[in-house]
Amino acid sequence: LRINPYHQKVNIRSGSQRMFTLLDNYHANTIREGIQLHMALERMRSAEDLSKVLEQLHIEGVISEKDQANIKAKVNSLFNHSVFPLFFAPGWEIFTEREIAHEGSWFKPDRVMVKGDEALVVDYKREKEDAKHHRQLNQYAELLAKMGYRGIRKYLVYVEDLNIVEV
């Protein structure tokens, strides 16, 4: 029986990292990159925030200098989609990662934007497209409708393949 020390396989990060990284593992790196991209998008209020957000995540130890360039390229690719710039357009009140309580349950959409009685809800996903993501987004929209919002638009952003789906 041979037991390898854990530190050769697992690197546990504390505080702002909020995750662990399995070293030398392609899938773990893919997950880590997805989480980092999600965190950057979560903090952005406008397109101009990208560099500042990436630098702050680097200072906090969440992303490396090398990862900054990769994430920046992916976000810039998303901005090439016709609808993505709308998620960062001025004039909207933006709520990121805010919980909505309803009938004893908590719901947490990634990004909700409101203007008057209009609402836009965005959820970022690391995994491949799945019908459960559509159901989740529709559930968020139902909650927003109960809050009085009309004209609710719903979008899923798949950060791995840089695809945006309107639901």
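**Exercise 1.** What percentage of the contacts in the protein with a separation of 6 or more comes from residues 24 or more positions apart?

*Solution.* The model is a predicted one. Among contacts with a separation of 6 or more, residues 24 or more positions apart account for 53%.

**Exercise 2.** Describe the order of helices and strands, beginning at the N terminus.

*Solution.* Begin with the totals, which are four helices and nine strands. Then follow the chain from the N terminus, where the elements run β-β-α-α-α-β-β-β-β-β-α-β-β.

**Exercise 3.** Is Asp67 buried or exposed, and which residues does Asp67 touch?

*Solution.* First place the residue, since Asp67 lies in helix H3, which covers residues 65–79. Next take its relative accessibility, which is 8%, and compare this with the cut-off, under which a residue is buried if its relative accessible area is under 20%. Asp67 therefore counts as buried. Finally, leaving aside residues up to four places away in sequence, Asp67 touches Arg32 and Gln36.

**Exercise 4.** Where is Glu129, and which residues gather with Glu129 in a patch of negative charge?

*Solution.* Glu129 sits in the loop that lies between strand S7 (118–125) and helix H4 (131–146). Its relative accessibility is 44%, so Glu129 counts as partly exposed. On the surface, Glu129 gathers with Glu127, Asp130, Glu160 and Asp161 in a patch of negative charge.

**Exercise 5.** How much area does the protein expose, and what percentage of its residues is buried?

*Solution.* The protein exposes about 9,700 Å², and carbon and sulfur atoms supply 50% of that area. Of the 167 residues in the protein, 40% are buried.

Conventions: Residues numbered from 1 in each chain as written. Predicted model: local features only at pLDDT ≥ 70, side-chain atom pairs only at ≥ 80, totals over all residues. Heavy atoms only, no water. Patch = residues over 30% accessible without salt bridge, like charges linked within 9 Å, V, L, I, M, F, W, Y side chains within 5 Å. Areas by Shrake-Rupley, 256 points an atom, 1.4 Å probe, with all protein chains shown as cover. Salt bridge = Lys/Arg side-chain N within 4 Å of Asp/Glu carboxyl O. Lys, Arg positive; Asp, Glu negative; His and termini not counted. Charge placed at Lys NZ, Arg CZ, Asp CG, Glu CD. Helix = DSSP H or I, 4+ residues; strand = E, 2+ residues; numbered from the N terminus. Buried < 20%, exposed > 50% of the residue type's maximum accessible area, 1.4 Å probe, protein only. Contact = heavy atoms within 4.5 Å.
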